[in-house]
Amino acid sequence: MAWSDLPIDLLHCLSSHFPIVDYLRFAATCTSWNFALAKNDLFRIQRTPSPWLLLPNNAGEASDTLTFCDLTTKKEEGGIGCNRCFSCIGNHISGRRCYGSKDGWLVTLDLTYLQPCLFNPLTKAEISLPSLFTIPEDQRQRIKPEYDLDGHIKYYYDEKHPSYVIDAESFRDLYFQKIAISSSDPFGTIVVIYGFIKLLALARPGDHAWVLGPQLPPYHVDQFEEFEDVYFHEEEQMFYAITHFSAVLAFDLEGKNVKFVCQAIQDPYSTDSYCRNYIAFLSGTLLKIKREISGMEVDERYTKKTTKISVFKFVPAINASSCSSSQWISMTDLGDFSLFIGYNQTISLHHTVALGIRPNCIYFADHADIMTQDDATRDAGLYDLHNDCFQYFLDSNSQPNWPPSIWFTPSL
């Protein structure tokens, strides 16, 4: 029998064991194999392989190539993994920076028009979202561009606070913190953390404008409660958002049915490091991951590195109507799971899904509060909770490249 005439059930059996990239190569071998696999349910299953690390590159945002590091495929000469390159996709990524990822989709944002898009590098599918210029003004802030005589945008400023004036080259990277998505279908909801005081806004594909999300009262009279991370709970179909002082609220896909889960910590711990909170669910338990990033000098060059990571589980109050006695309890055992944090939505992964992933670890990628091309951190690695040790993946001594690294789970 000719190899191109192998039975369909045999092709299905073989392809079910392939990594997702090899699956695509297998389907592209010939017309008959492509036809057989196109009708296979596996082709439409949302696979959850181990995350890849999107690597910085020398060409920065001018590049038409995305390079990912697959941690589960080791190089023969050593190193952290095998690189996967996707080239000739310039129209989708050139001039754009990745602000998030989920289930095979990257969230990209251009520099000038602030137009976010969802992009799948494996299928080259793209979904446009409303421009972030359409975020409604509130009593605290509004985005406004200022134009040159030739019509080019010169700088942006927050109209409510005219002292916050930033040139167009830096505004996007300072003003927008993270973009999270519930799903990539037309009914999915996207949430952006934006502004100098880090508020929430929501939109869906096909919408003409963003709408304001839920807000919290300030922790102090002169200090706003800033949102730092958003997580979508698939089973509950609810978003969970956490602030700098660990207050947590939940809301639905419309930004409504807001539920106050946890109040702010009354005496926030102050350190010399920059701290950021992430939020996730693991086996039904709400988790907070606290990441501390410190400045340091390496070979006469100043850089930033993650120097401490702590994990806490949420223990709700006995009285369900009150969250005043709720607690965050420190934990050092994630069992056979590991977490992936950064600009992406936090990912939890069992180590048996991908043999190259180490259990009970926090994998982290770049996510400094201020991230511009002149201040890129190259801060990616893992923290082993059990052994209390770090392993860094990127060379911090080399020149900082752009865009920042981000975790990405390939999917069809």
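1. Lys102 counts as buried, at 12% relative accessibility. Buried means under 20% relative accessible area, exposed over 50%, and partly exposed in between, with a 1.4 Å probe and protein chains only. Its partner Glu234 counts as partly exposed, at 39%. Lys102 and Glu234 form a salt bridge, with the closest N and O atoms 2.7 Å apart. A salt bridge here is a side-chain nitrogen of Lys or Arg within 4 Å of a carboxyl oxygen of Asp or Glu. Lys102 lies in strand β4 (residues 96–102) and Glu234 in the loop between β15 and β16, so the pair ties together parts that are 132 residues apart in sequence. Strands are DSSP runs (E, at least two residues), numbered from the N terminus.

2. A word on the model. It is predicted: local features need pLDDT of at least 70, side-chain atom pairs count only at pLDDT 80 or more, and totals for chains, interfaces and linings use all residues. Residues are numbered from 1 along each chain as its sequence is written, and side-chain values use heavy atoms, leaving out hydrogens and water.

3. The structure holds eight salt bridges. Among them is the pair of Lys178 and Asp229, at 2.5 Å from N to O. This pair links distant parts of the chain: Lys178 sits in strand β11 and Asp229 in strand β15, 51 residues apart. Both ends are enclosed. Lys178 is buried at 1% relative accessibility, and Asp229 is buried at 0%.

4. Asp384 and Arg358 also meet in a salt bridge, at 2.9 Å from N to O. Asp384 is in strand β26 and Arg358 in the loop between β24 and β25, 26 residues apart. Asp384 is buried, with a relative accessible area of 6%. Arg358 is partly exposed at 34%. Elsewhere, salt bridges that share partners join Arg97, Arg172 and Asp173 into one network.

5. Asp366 deserves a look. This residue is in the loop between β25 (361–364) and β26 (381–384). Asp366 is buried yet has no salt bridge, and the nearest side chain of opposite charge, Arg291, is 5.7 Å away. For that count, Lys and Arg are positive and Asp and Glu negative, while His and the chain ends are left out. The Asp366 side chain does reach backbone nitrogens. That of Asp379 is at 2.4 Å. That of Arg378 lies 3.1 Å from a polar atom of the Asp366 side chain. A polar contact is a pair of N or O atoms within 3.5 Å; within protein, one must be able to donate a hydrogen and the other to accept it, and residues adjacent in sequence count only if both atoms are side-chain atoms.

6. Now the sheets. One open sheet has four strands in the order β15-β16-β17-β18, with antiparallel pairing. Two strands pair if DSSP finds at least two bridges between them. The edge strands are β15 (227–233) and β18 (259–262), each pairing on one side only. The twist averages 25 degrees from one strand to the next; the axes behind it are lines fitted to C-alpha atoms, and angles run from 0 to 180 degrees between N-to-C directions. Four bridges join β16 (residues 238–243) to β17 (residues 248–251). Ala241 has Leu249 of β17 as its bridge partner.

7. His233 belongs to strand β15. His233 is buried, with a relative accessible area of 9%. A polar atom of its side chain lies 3.1 Å from the backbone nitrogen of Glu236.

8. A second open sheet of four strands runs β11-β12-β13-β14, again with antiparallel pairing. β11 (176–181) and β14 (211–212) stand at the edges with a single partner strand each, so one side of each has no neighbour in the sheet. Two bridges join β13 (residues 199–203) to β14. Ala201 stands opposite Leu212 in β14.

9. Strand β23 (residues 337–341) is largely enclosed by the rest of the structure, because four of its five residues are buried. Four bridges join β23 to the antiparallel strand β24 (residues 347–350). Ser338 has Leu349 as its bridge partner in β24. In this hairpin, with five residues between the strands, Gly342 takes a positive phi near 155 degrees. β23 also pairs with β25, in the parallel sense, over three bridges. There, Ile341 stands opposite Phe364.

10. How many disulfides does the structure hold? Zero. A disulfide is a pair of cysteine sulfur atoms within 2.5 Å. The sulfur of Cys361 is 7.6 Å from the closest cysteine sulfur, in Cys389, so the two are too far apart for a bond. Cys361 is buried, at 0%.
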